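Q: Hi! Could you walk me through this structure while I have it open?

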Amino acid sequence: MSPSIYVSLLSIFEWVIQTSFMASILVVIVLMLQFVMKNKLEARWHYLLWMPVVIRLLLPWAPESSLSLYNMFSLDGIAPSIHEQVQDSAAWHSWSKEARGITENPAHSQGLSYWEVANAIKQPHLSEFEPKDKPWWSTIKQWSFTNIFIFVWLVGMLLLTLKTLYDYLRLKQMLRASRAIEMPYLSSLFQETKQLFDFKRNIRFVASEQIPGPAVVGLRNPVIVIAPSLLATLQKDQLRYILVHEFAHIKRWDVAVNWIMHILVIVHWFNPLLWFAVQKARQHQEIACDACALDRLSPKQNYAYGQTILHVLEHFSAIHHQPGLAALSATHKQMKRRLIMIKHFQKKSYKLSILGLTMLLALGSVSLVNAKESEAVKASQIEIAYPEGIDSAEERASYKKGIEEAQRKYDEAAKSIPAADLKFIENEQNRVKQLHKETGGMYILYHKYKGINNGLDLSYWGGIDHYSSYEDYLKKASTLEGSILLQPSNLPKGFTFSKARVEGPIQGKFVEEVRSEGKESGKPLYVKEIDWKEAATIRLEYTNGKDTIAISKHSLDSETLKKKGFFEDDLPAHIYPKYMFWHDDNYEYSVSATFDMSKEDKIKILKEAVKK
């Protein structure tokens, strides 16, 4: 999976988690309102109260409002660990390393305070990628919570989608096997009922024992299905009541609503509260459909209509909901409530309800808007200037996340630090910035309060120089001690200099010296300039516009340097370019190419490039 695809997937997953959480709060509120207003709201308004839940789950974006109920309930406040992991767009870095068995050099894991990150971000060295021969199941064990959740979520969606597709194709097959009802008196009754609803659409009337009915199937060209065995038990008026009910489903577009709810459940399958909400919504849909049907009948027919519904439900004891149809169904408990509604139904109750409309508008105004971000939060947001090389969307998302997380930790730790010390630290940081700007020097900082430096007592400022021309790089290289890299004369034809990078050391005995001096000083922040002469890392890149050749040098510890001489890596060729390494003294030199190059040619380039 490419980084861009993963980051897009992570953004979608974050949206799903957030909307699922908000919808869950809304479901609880709707259930409470329905309980409190059980006998005060008409049937269709109980059903319409579920519409804000559906809309909330569909909204890709919503305006902020101080009236939003999510100002009181937030995912970050209730489940911060989950929220932080979901929001971590840098998870791609973790995902890719886990999937490939890569470990990172601890030297480059040193945290930086939020004000340093923009200048001190480090690119990983070639030697930091160590091949790991691990079975696929050990890789899965290393996945983070977020990656595992995304994987399980996708698998669940896939399985439910496949089941839905199977059920839909099976339903279509059963519909093709059904036969049209063409008996004169049945066709006449069907047309009369159709005219009652003033339908101009093409609606078919068929018989099938395979489809659980009476039911409506289809969206564009709806079909009313009834079982022949049930049809044989019905009198003319009973059949009219059933047809009125099914035409009410078509009038109210219930099949389309059921499809939408089913798709939302597939996406949010992990949320049991939404499954329960859909079940309740289907129950209220049936009662609202009864109300719509009774509105087309005379009050004297209410009792007969209720008896007909009861007769149908006794004929089919178990009816399973499917997204592609709207079927007449209810449990015994639901049937009791339906019969009570039918018995007391009055035509005016189906008309506009001021109470129902007011509740619906009020619920929408507080649930279909997002929590308003406080001015304090907005003020604390960092204006990020992305360093050179941080160009792609996933790199910027990862970088921005690191900055924001460092700021959050800084703000939390700063609460327990005396104001005078914070002021001293701020002044010293500004002084170091100015010194680096004037001299280009590299500085190591000892932090008395590690909490405002990501829990570490040391950080670095400067020490990374980028060059876009070989001449500028050569000027810097000529001042360095020890081995350096020069432009090899035996590069393949067409390759020209692209860029270079030189980095100072972040390891050595000077680290402990600074640590000791910092503790003795007692200062909240102790700063020391590092007068380095030998580069820890040098990297040259050449390109022909299509392919790249990279030549690198960096310092290694004695343990890593046990392997001497020239050797090739054993990383997967389809993932990484092949590297040729040369371990000599205290350094590792390497050359890689994004195209096929022989070992012999790589060795020749390395020997030509390294000047000791």
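Q: Which residues is Y526 in contact with, leaving aside its neighbours within four places in sequence?
A: Happy to help! Y526 is in contact with I444, L445, Y446, V514, E517, G518 and S521, leaving those sequence neighbours aside. Contact here means heavy atoms within 4.5 Å.

Q: Before I go on, what kind of model is this?
A: This is a predicted model, where local features need pLDDT of at least 70 and side-chain atom pairs count only at pLDDT 80 or more, while totals for chains, interfaces and linings use all residues. Residues are numbered from 1 along each chain as its sequence is written, and side-chain values use heavy atoms, with hydrogens and water left out.

Q: Thanks. Where does Y526 sit, then?
A: Y526 is in strand β13, residues 525-530. Helices (H or I, at least four residues) and strands (E, at least two) are DSSP runs, numbered from the N terminus.

Q: Is Y526 buried or exposed?
A: Buried, with a relative accessible area of 16%. The cut-offs are under 20% relative accessible area for buried, over 50% for exposed and partly exposed in between, using a 1.4 Å probe and protein chains only.

Q: Which side chain does Y526 make a polar contact with?
A: The side chain of E517, at 2.7 Å. A polar contact is a pair of N or O atoms within 3.5 Å; within protein, one must be able to donate a hydrogen and the other to accept it, and residues adjacent in sequence count only if both atoms are side-chain atoms.

Q: Switching topic: what about H268, where is that?
A: H268 lies in the loop between α13 and α14 (272-294). H268 is buried at 1% relative accessibility, and its side chain has a polar contact of 3.4 Å with that of S20.

Q: What else does H268 touch?
A: Not counting residues up to four places away in sequence, H268 touches V16, T19, S20, L57, L274 and W275.

Q: Cysteines next. How many disulfides are there?
A: Zero, by the rule that a disulfide is a pair of cysteine sulfur atoms within 2.5 Å.

Q: Why doesn't C289 have a bond to C292?
A: Because the C289 sulfur is 6.2 Å from its closest cysteine sulfur, the one in C292, which is too far. C289 is buried at 0% relative accessibility, and C292 is buried at 2%.

Q: Last one: what order do the five strands of the open sheet take?
A: The order is β2-β3-β5-β4-β6, with mixed pairing. Two strands pair if DSSP finds at least two bridges between them. Strands β3 (residues 204-207) and β5 (residues 223-226) pair in the parallel sense over four bridges.
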